[in-house]
Structure formats: C-alpha cells, structure tokens
Amino acid sequence: MRAPQDRCRRERTIASVTFAQGSKNSSRRGGRSSTMGGMPLNDMPWWRWRSNVRSALHMLSDPVFHEDTWLAGAEGYGDVTDAVYRLVEDTWLDSWSAEKYVGTVLRDAQEAALVDLAVLRVLRILHQVGPDAPVSAYLEHHAWPEAVRAAREAHVRLATADGEDPDARPRSLEVLRILTRTV
C-alpha cells in the first residue's frame, strides 16, 4: 500500500477505476490534452508512445521481474498500477482499440490485436483488485497468468519488430525517460 503522502496529486478515472498518481517512481504525467475527431491532440511523438507501451508490456510480461523487482519493492520501476497507467494514459487504450494506432504507434493489425488483448486482460484484473492493491494481489489473481501471457505475446511482437531482444531485462523508468526525452 502506498503511504498517504504518495497517494495522489490528482486523480484520473480509467473505466471506473481511480488511479492514484504521483509516486516518486512514477512515470505518470499531468492531464491529457483535448481531442479532435475522437483522437487526442498530444505533442508526444509517436515513438515515445510506442516506447511507453512497450515498457509497460515488457514489465507486465516478465514473471521473474515481478518477483525480483515489484514484489521485492525495488526502486526505479514503479508498480503494477504505474505500468498499466503507462500502457493506457497517452494512448487511451482503455477507451478505444489499438487499431486506431496502426500506421503510427503500431505497425500492423496483428500488433494492435495483441496489445488490445493485453490491455483488456490487465484492466480486468485491475478493476477486480483495485489500483492500490499490493503487488501480491495481482500476482495471486487467478487470471494473472493469462494477462502475463497476453502481455508477453504483445511485448515479443513489438520488441522483435523494433529489432530488440524481447528477453532483455525491463528498463528502469529513469532509462525510459532518458530514451524518450525530446531534445
């Protein structure tokens, strides 16, 4: 459970689940911009969106990482809720299909289908255990292995398409920030 001072600077609702934001290890940022024709207007480049989606999928898909990092409480990687937030916040994948991003953030319909499946499975668990649940509540959830498998399939597809090793250890949030920093 997060300490009261880490709880929230602001709240955001994702399909009836409130996420507390602002922990010191978080990649969570301020609010969304407005929309045009149903798509968000955002100054974030497509490659940063893809990096955030890939980072979240990578962390969600790695059971060894869950044990060694999240369960152990290692600093610098956020938590399960943070990974879910990174997966859906800028992309709005909690509100619409990843199919909208084919040709920009995602390469093809297969990537989109795999990402959609992972998002749905992870959000279902999040709705059941709650965003402030301890890591163990996620890992012990009866549907967690299915969510991990779906995240793994999406992660492998995206990492391979980007020419990266899908079996490398997930990067810290600080490394992700450095890699996605705009000049």
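Before you click on anything, one term: a residue is called buried when its relative accessible area is under 20%, exposed when it is over 50%, and partly exposed in between, using a 1.4 Å probe and protein chains only. Try it on P145, which at 46% relative accessibility counts as partly exposed.

Two notes on what you have open. This is a predicted model, where local features need pLDDT of at least 70 and side-chain atom pairs count only at pLDDT 80 or more, while totals for chains, interfaces and linings use all residues. Residues are numbered from 1 along each chain as its sequence is written, and side-chain values use heavy atoms, with hydrogens and water left out.

**Stop 1: the whole chain**

Switch to cartoon view. You should find 7 helices and 4 strands; helices (H or I, at least four residues) and strands (E, at least two) are DSSP runs, numbered from the N terminus. Walking from the N terminus, the order is β-β-β-β-α-α-α-α-α-α-α. Of the 183 residues in the chain, 49% are buried. Now think about contacts, meaning heavy atoms within 4.5 Å. Among contacts in the chain with a separation of 6 or more, 66% are between residues 24 or more positions apart.

**Stop 2: two helices crossing**

Select residues 46-60, helix α1, and residues 80-88, helix α3: they pack at an angle of about 145 degrees, and their axes are 8 Å apart. Axes here are lines fitted to C-alpha atoms, for helices over the stretch in contact, and angles run from 0 to 180 degrees between N-to-C directions. Which residues of α1 and α3 make the contact? On the α1 side, pick N52, V53, S55, A56, L57, M59 and L60; on the α3 side, pick V80, A83, R86 and L87. Sorted by class, this contact has 8 nonpolar, 2 polar and 1 charged residues. In that sorting, Ala, Val, Leu, Ile, Met, Phe, Trp, Tyr, Cys and Pro count as nonpolar, Asp, Glu, Lys and Arg as charged, and the others, Gly among them, as polar.

**Stop 3: rings meeting rings**

Next, show the aromatic side chains. Rings of Phe, Tyr and Trp (its six-membered ring) pair if their centres lie within 6.5 Å; planes under 30 degrees apart count as stacked, over 60 as edge-to-face and the rest as tilted. That rule gives 5 aromatic pairs.

Zoom in on W49 and Y101. Their ring centres are 5.3 Å apart and their planes are at 80 degrees, so this pair is edge-to-face. W49 belongs to helix α1 and Y101 to the loop between α3 and α4 (109-129), so to speak two distant parts of the chain, 52 residues apart, linked by the pair. W49 is buried at 9% relative accessibility, and Y101 is buried too, at 2%.

Then jump to Y138 and W144. Here the ring centres are 6.0 Å apart with planes at 65 degrees, so the pair is edge-to-face. Y138 is buried, with a relative accessible area of 1%, and W144 is buried at 4%. One more selection: F65, W70 and Y77 form one aromatic cluster.

**Stop 4: charges over rings**

Keep Y77 on screen and add R169, whose charged end sits over the ring of Y77, 5.3 Å from its centre. The rule asks for NZ of Lys or CZ of Arg within 6 Å of the ring centre and within 35 degrees of the ring normal. Now select K100 and W96: the charged end of K100 sits over the W96 ring, 4.6 Å from its centre.

**Stop 5: the loop between α3 and α4**

W96 is in this loop, and is buried, with a relative accessible area of 16%. Its C-alpha atom is 8.9 Å from that of D116, 20 residues away along the chain.

W92 is in the loop as well. What is the phi of W92? It is near 60 degrees, a positive value in a residue other than glycine. Most residues other than glycine have a negative phi. W92 is buried, with a relative accessible area of 16%.

Is R107, also in this loop, buried or partly exposed? At 47% relative accessibility, R107 counts as partly exposed. Leaving aside neighbours within four places in sequence, R107 is in contact with R50, V102, A161 and D162. The C-alpha atoms of R107 and L158 are separated by 8.5 Å, though the two are 51 residues apart along the chain.

**Last stop: back to P145**

Select helix α6, residues 144-161, and you will find P145 in it. Add R121: P145 and R121 are 24 residues apart in sequence and 9.9 Å apart in space, C-alpha to C-alpha.
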